[in-house]
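Good morning, colleagues. Please turn to the sequence and the model on the screen.

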Amino acid sequence: MVDLITLTIADGPSAFGLDSYQWVSIAMLVLIAVLLWKRVPNMITGGLDNKIAEIKQQLDEAKALRAEAEALRGEYAAKIAGAEKDAEAMMEGAAREADAIVTKAEADSEAMVARRKRMAEDKIAAAEREAIDSVRASAVNAAAAASRSLIAERHDGTADKALADEAIASL
């Protein structure tokens, strides 16, 4: 008799002729059917697709900013090269002019050459300073515009709160 009781308890409970593992299988099938009916996989893939598109857009913007910066760098490198060529041309012109003055009037030639050479070097130095200042100003403007857009894009109220909390904590 003891064996009969042990055998029925070990089988476990059952309802409507189904054992517990069969009920678990039915419940899982019902859960999967409800998830498919409510289109949960489509919602998940749609959310992931949106996130992928957003990341791709950010990468495209970064590529465009980089290309623009490289174009500006190339443009200013060309301007500097042009300024150097102009400086060389000015130096050559000044030397030719100095030679002509030497042949024309030997007595005044030494004073004239020195004066013209100083003027040419001053012009070259001024042109170089102007070109360098122009390049620096344009680089600063481009960097400020890029910084402005990045800060406006990524800086929000939560970042302001974190900065304020950090400033208060440092006091």
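I shall go from the overall form to one helix and then to a single residue.

Please bear in mind throughout that this is a predicted model. The protein contains five helices and two strands. Read from the N terminus, the order of these elements is α-β-β-α-α-α-α.

How does the radius of gyration stand against that of a compact globule? For 171 residues a compact globule would come out near 16 Å, whereas the protein has 41 Å. The C-alpha trace spans about 145 × 45 × 30 Å along the principal axes.

Let me turn to the surface. Of the 171 residues, 5% are buried. The protein exposes about 14,200 Å², and carbon and sulfur atoms supply 63% of that area. As to charge, there are 21 positive and 29 negative side chains, and the centres of these two sets lie 6 Å apart.

Next, helix 3, which covers residues 40-104. At 1.5 Å a residue, its 65 residues should span 96 Å, and the end C-alpha atoms are indeed 96 Å apart, so the expected span and the model agree. Which residues of helix 3 are buried? They are Y76, A87, A94, A98 and I101.

Finally, consider A81, which also belongs to helix 3. Its relative accessibility is 33%; because partly exposed means between 20% and 50%, A81 falls in that class. A81 and S138 are separated by 57 residues in sequence, and their C-alpha atoms are 17 Å apart in space.

That concludes my presentation, and I thank you for your attention.

Definitions and conventions
Residues are numbered from 1 along each chain as its sequence is written. This is a predicted model: local features need pLDDT of at least 70, side-chain atom pairs count only at pLDDT 80 or more; totals for chains, interfaces and linings use all residues. Side-chain values use heavy atoms; hydrogens and water are left out. Helices (H or I, at least four residues) and strands (E, at least two) are DSSP runs, numbered from the N terminus. The radius of gyration is taken over C-alpha atoms; the globule rule is 2.2 Å times the number of residues to the power 0.38. Buried means under 20% relative accessible area, exposed over 50%, partly exposed in between (1.4 Å probe, protein chains only). Accessible areas come from the Shrake-Rupley method with a 1.4 Å probe; for residues, only the protein chains shown count as cover. Lys and Arg count as positive and Asp and Glu as negative; His and the chain ends are not counted. The place of a charge is taken as NZ of Lys, CZ of Arg, CG of Asp or CD of Glu. The expected span of a helix is 1.5 Å times one less than its number of residues.
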